[in-house]
Amino acid sequence: MSSIQKSQIEAALGTVMEPDLGRDLMTLGMVQDIVVDETGNVSFSVVLTTPACPMKEKIKNSCIEAIKAAVPGVGSIDVNMTSKVTSSCSHGGHDGHGTHGAHGGHGGSQKIELENVKNIIAVASGKGGVGKSTVSVNLAVSLAASGAKVGLIDADLYGPSIPTLFGLQSVKPEVKNNKIMPIEKFGVKLMSIGFLVDPETALIWRGPMASSAIRQLISDVDWQELDYLIFDLPPGTGDIQLTLVQALPLTGAVIVTTPQDVALADVSKALTMFRKVDVSILGVVENMSWYELPDGSKDYIFGKGGGEKFAKINALPFLGSIPISSSIREGGDTGTPSIIANPDAPTSVAASKVAGEIARQVSIHNAACANG
Ligand SMILES: Nc1ncnc2c1ncn2[C@@H]1O[C@H](COP(=O)(O)OP(=O)(O)OP(=O)(O)O)[C@@H](O)[C@H]1O
Ligand SMILES: [Mg+2]
């Protein structure tokens with residue numbers, strides 16, 4: 001018969017800090033189902049705020065070490081790492097008097113309610129072609145692979161990319177009970193204006209018509225429950241972008257840049273746009289950071305460290321760098337994201353790391369806003 005008490009385990013775990021949230025696991029309510037058997041074997045679950053947590057292994061090891069140090073004679077220690085994604089408080093979904101049914105609103109500035117969507121992340125850039133869609137797709141697929149429920153939406157009327165990036169050019173979504181059913185691929189629920197209207201029709205839409213089409217596209221989709229909805233924004237900082245950013249209860253925005261573009265005014269314009277409408281910036285991703293030469297050395301074609309510097313100057317988290325590689329481009333061309341087609345390629349590893357960092361920033365953001 002073991003003399004180890006559950007309270008000893010609780011006390012030990014009360015010394016383990018959640019590195020990002022700055023408090024211990026017990027205080028944060030992250031430990032569940034502690035069981036100590038007769039022989040002194042211990043098991044419990046740690047409920048993280050995201051399945052993509054980059055600190056998962058570190059936290060697990062800290063738990064084991066803390067128990068070993070504080071509880072002499074303990075047997076085996078079985079830690080079950082699980083997660084429950086936290087919700088953004090920019091959501092009106094829980095106060096009971098949100099603005100339902102965004103259609104036909106005057107001026108189109110009412111917020112669209114997506115009640116079962118915990119977090120909406122906009123992926124933006126100052127200018128086109130820097131890799132927003134590539135980052136969005138790999139982020140979505142990577143979060144889904146970690147076990148999260150993920151949606152991805154593409155609102156680029158004039159050049160939708162999700163159908164091509166997922167190899168779904170001729171797919172048409174079903175409509176059930178007046179809701180558009182998203183298309184599911186690689187574990188991600190997808191919606192694109194490209195599934196619904198042909199590009200020639202979309203091209204003649206302007207201003208209010210374009211905005212209202214996009215609003216409908218977002219609110220009429222049957223997303224069901226989502227931990228993360230990734231929003232691949234059209235390039236630039238014009239009216240459509242501004243309407244979208246105002247229409248959605250965004251958790252925050254991720255800004256994608258290439259190393260040489262940070263010197264340009266465009267990235268700053270994107271920052272200004274989000275700040276003007278009080279959307280948090282989750283951080284900066286640098287894409288096309290370097291090219292790996294056959295001998296393994298790195299060629300910083302567009303200059304080194306621009307994205308990180310830009311993040312620092314603007315007091316924003318830097319979310320990581322993604323190198324240039326043909327596997328990313330081929331993934332886009334063949335409709336299989338590189339994270340799936342080529343998971344060990346340096347770009348895929350970098351892209352999953354970026355995904356983990358973004359999930360981490362979302363958790364930090366949600367913890368901060370939950371605490372007021
Ligand atoms: N890290 C990378 N390595 C190689 N090619 C890349 C990389 N990132 C993006 N690309 C390629 O660059 C092109 C532009 O990327 P992408 O479409 O993701 O940019 P975007 O910012 O979404 O563009 P737009 O502003 O037109 O929406 C694509 O052909 C893509 O495959
Ligand atoms: Mg794009």
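**Exercise 1. Find which residues come nearest to ligand 1, and describe the shell around the ligand.**

Step 1. Start at the ligand: in this predicted model, 21 residues surround ligand 1, and Gly128, Lys132, Ser133, Thr134 and Pro235 come nearest.

Step 2. Next, see which elements contribute. Two helices, α3 (132-145) and α11 (326-334), and two strands, β14 (281-292) and β16 (318-324), each supply at least two residues of the shell.

Step 3. Now sort the shell by class: 12 of its residues are polar, six are nonpolar and three are charged.

**Exercise 2. Locate the domains and describe the contact they make.**

Step 1. Mark the bounds on the chain. The domain assignment places domain 1 at 6-83 and domain 2 at 106-370.

Step 2. Take the C-alpha centre of each domain: the centres of domain 1 and domain 2 are 34 Å apart.

Step 3. Look at who takes part in the contact. Domain 1 gives eight residues and domain 2 gives 13 residues.

Step 4. Classify the domain 1 side that touches domain 2: five residues are nonpolar, two are polar and one is charged.

**Exercise 3. Work out the strand order of the open three-stranded sheet, and the sense in which its strands pair.**

Step 1. A reminder helps here: strands of a sheet pair through backbone hydrogen bonds, in either a parallel or an antiparallel way.

Step 2. Read across the sheet. Its order is β3-β4-β5, and the pairing is mixed. The edges are β3 (31-36) and β5, each of which pairs on one side only. From one strand to the next, the twist averages 10°.

Step 3. Take β3 with β4. These two strands are antiparallel, with four bridges, and Val31 is opposite Val46 in β4. Their hairpin has five residues between the strands, and Gly40 in the hairpin has a positive phi near 90°.

Step 4. Take β4 (residues 42-48) with β5 (residues 77-83). This pair is parallel and has seven bridges. Val46 faces Met81 in β5, while Val47 has Thr82 in β5 as its bridge partner.

**Exercise 4. Follow the chain from β4 to β5 and give the hand of the crossover.**

Step 1. Leave β4 and follow the chain through helix α2 (residues 56-70) until it reaches β5.

Step 2. Judge the hand of this β-α-β crossover: it is right-handed.

Step 3. Check how the helix lies. Helix α2 is placed across β4 and β5, and it runs at about 150° to β5.

And there you have it: a ligand shell, a domain contact, a sheet and a crossover, each traced step by step.

Terms used: Residues are numbered from 1 along each chain as its sequence is written. Chains are lettered from A and ligands numbered from 1 in the order in which they are written. This is a predicted model: local features need pLDDT of at least 70, side-chain atom pairs count only at pLDDT 80 or more; totals for chains, interfaces and linings use all residues. Two strands pair if DSSP finds at least two bridges between them. A crossover is right-handed if, with the strands pointing away from the viewer, the path from the first strand over the helix to the second runs clockwise. Domain bounds come from an automatic or database domain assignment. Two residues are in contact if their C-beta atoms, placed from the backbone, lie within 7 Å. Ala, Val, Leu, Ile, Met, Phe, Trp, Tyr, Cys and Pro count as nonpolar, Asp, Glu, Lys and Arg as charged, and the others, Gly among them, as polar. A residue is near a molecule or strand if its C-beta atom, placed from the backbone, lies within 6 Å of it. Axes are lines fitted to C-alpha atoms, for helices over the stretch in contact, and angles run from 0 to 180 degrees between N-to-C directions.
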